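User: Hey, could you walk me through this model? I'd like to start with the aromatic rings.

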Amino acid sequence: MLHSSPPPAPEQRASYRDALAQGVDRFLHPPRTTCPWCDAGRLRQRLRTTDLLQRKPGAFTLDQCLDCGHVFQNPQLNDDGLDFYYRDFYDGYWEDRAGDTWASLRKAYEQRAAFAAPHVRPETWLDVGTGHGHFCAAAADRFPDTVFDGLDRGECVELAVRRGWIKRAHRGLFPDLAAELAGAYDVVSMQHYLEHTVHPLRELRAAAQVVRPGGHLFVEVPDPECRFGRVLGRWWMPWFQPQHLHLMPMANLRRRLEDLGFTVVAQERCNFNGPVNLLYSTYLRVHNAAPAPDAPWFPAAPAPLRKTVRKAMFLGAIPLLLAAKAADRLTGLLPSGARVTDAYRILARREALDPA
């Protein structure tokens, strides 16, 4: 988890300095007074936090609807804010770090493919939010006759084509591309993608367009009903502010899919990458207690002493991290009713010719 990156170039640091000169309040929309999922007006603050991973400046609030349970960022990032906080996370300065993370999830990708396998025999599969295409590369072993395509906003989707992990790259926003892809795919997958989107209901309507009748939609998202979300508070990794804009309970997503002409054929509560809630929470606490590492969004490079202190704190925390990992393994033995898994997945078959 302790990942070193090369020192940022002077122009990278200068670019962030210019972006922050006007403050971070300009990155947020005005706050909502109603739920974006059900439009009810009874809201309560769930938590307030900061960017615990990149440690970029800013504070973020998650509200919860008291009627349907939907959890959402409020106020929500605007377009400038999304650009600022996503910048150098999946590409640019942190691209190698992100690539290493996705490559380490091979087992999780295989489990997702195994979940869908008893129900689907697809000729064509579109992975929305595919990133570098790691899932498609893993799923091809289980579905050797399937043509995998990927969709994403960044250049990474084109890299996936060059690597041979997907056949075609669709670059852009899914709702904008849905009309030209209508009825083109046997399976559409959205894996830890929907929670990042500005308007998740639009994304689901786009999926209803793109999945052909009799085809399937596979969705995996963080589970806001996980007990660790309450116990660990802002240190629960899946809150993942400021990137996670919406976290919907399983029942909400099921009902919306049924409204759109889908029938749920399989569902399960699961873990994003095994039972790691306590380990990741401990890491976040150490990462934020220690002096910040070097990155272009900090005004200056850390002094050698601060680097030494940071390294020493992580070395000293190794027993604590190992204890957290062991405790996570024990929670992995608990039944699904204990609600200690941090995600859930749903596979739904499209029945209607047109979404309701």
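Analyst: Sure, the term comes before the count: rings of Phe, Tyr and Trp (its six-membered ring) pair if their centres lie within 6.5 Å, and planes under 30 degrees apart count as stacked, over 60 as edge-to-face and the rest as tilted. With that, a search of the whole structure gives 20 aromatic pairs.

User: What kind of pair do Phe 27 and Tyr 85 make?

Analyst: Edge-to-face, because the ring centres are 5.9 Å apart and the planes sit at 80°. The two residues are 58 apart, so to speak distant parts of the chain: Phe 27 is in the loop between helix H1 (10–20) and E1, and Tyr 85 is in helix H2 (residues 79–86). Those H and E labels are DSSP runs numbered from the N terminus, with helices (H or I) of at least four residues and strands (E) of at least two.

User: Before I go on, what are the ground rules here?

Analyst: This is a predicted model, where local features need pLDDT of at least 70 and side-chain atom pairs count only at pLDDT 80 or more, while totals for chains, interfaces and linings use all residues. Residues are numbered from 1 along each chain as its sequence is written, and side-chain values use heavy atoms, with hydrogens and water left out.

User: OK, sheets. What's the order in the one with four strands?

Analyst: E1-E2-E3-E9, an open sheet with antiparallel pairing; two strands pair if DSSP finds at least two bridges between them. Strand E1 (43–50) and strand E9 (246–247) are the edges, each pairing on one side only. Inside, strand E2 (residues 59–65) and strand E3 (residues 71–73) run antiparallel over three bridges. Gln 64 has Val 71 in E3 as its bridge partner.

User: And how are the seven strands of the other open sheet ordered?

Analyst: E6-E5-E4-E7-E8-E11-E10, and the pairing is mixed. Strand E6 (169–171) and strand E10 (262–270) are the edge strands here. On average, neighbouring strands are turned by 15° against each other, direction ignored. Angles like this use axes, which are lines fitted to C-alpha atoms (for helices over the stretch in contact), and run from 0 to 180 degrees between N-to-C directions.

User: Which helix packs on that sheet?

Analyst: Helix H8 (residues 200–210), which touches E4, E7, strand E8 (211–222), E10 and strand E11 (343–350). Contact means heavy atoms within 4.5 Å. The direction of H8 makes about 150° with that of E8.

User: Do E4 and E7 pair in the parallel or antiparallel sense?

Analyst: Parallel: strand E4 (residues 124–128) and strand E7 (residues 185–191) pair over four bridges. Trp 125 stands opposite Val 187 in E7.

User: Switching to helices, how do H11 and H12 cross?

Analyst: The axes of helix H11 (residues 277–289) and helix H12 (residues 304–316) come within 9 Å and cross at roughly 155°. The two are therefore roughly antiparallel; angles under 35 degrees count as roughly parallel, over 145 as roughly antiparallel, 65 to 115 as roughly perpendicular and the rest as oblique. The crossing is right-handed, meaning the near helix is turned clockwise from the far one by less than a right angle (anticlockwise would be left-handed).

User: Which residues make the contact?

Analyst: Tyr 283, Val 286, His 287 and Ala 289 of H11, with Arg 310, Met 313 and Phe 314 of H12.

User: What about H11 and H13?

Analyst: H11 and helix H13 (residues 318–331) pack at about 155°, axes 7 Å apart. That makes H11 roughly antiparallel to H13.

User: Last one: where are the cis peptide bonds?

Analyst: One runs from Asn 74 to Pro 75, with omega near 5°, and Pro 75 is in the loop between E3 and H2. Another joins Gln 241 and Pro 242, with omega about 10°; Pro 242 lies in the loop between helix H9 (227–231) and E9.
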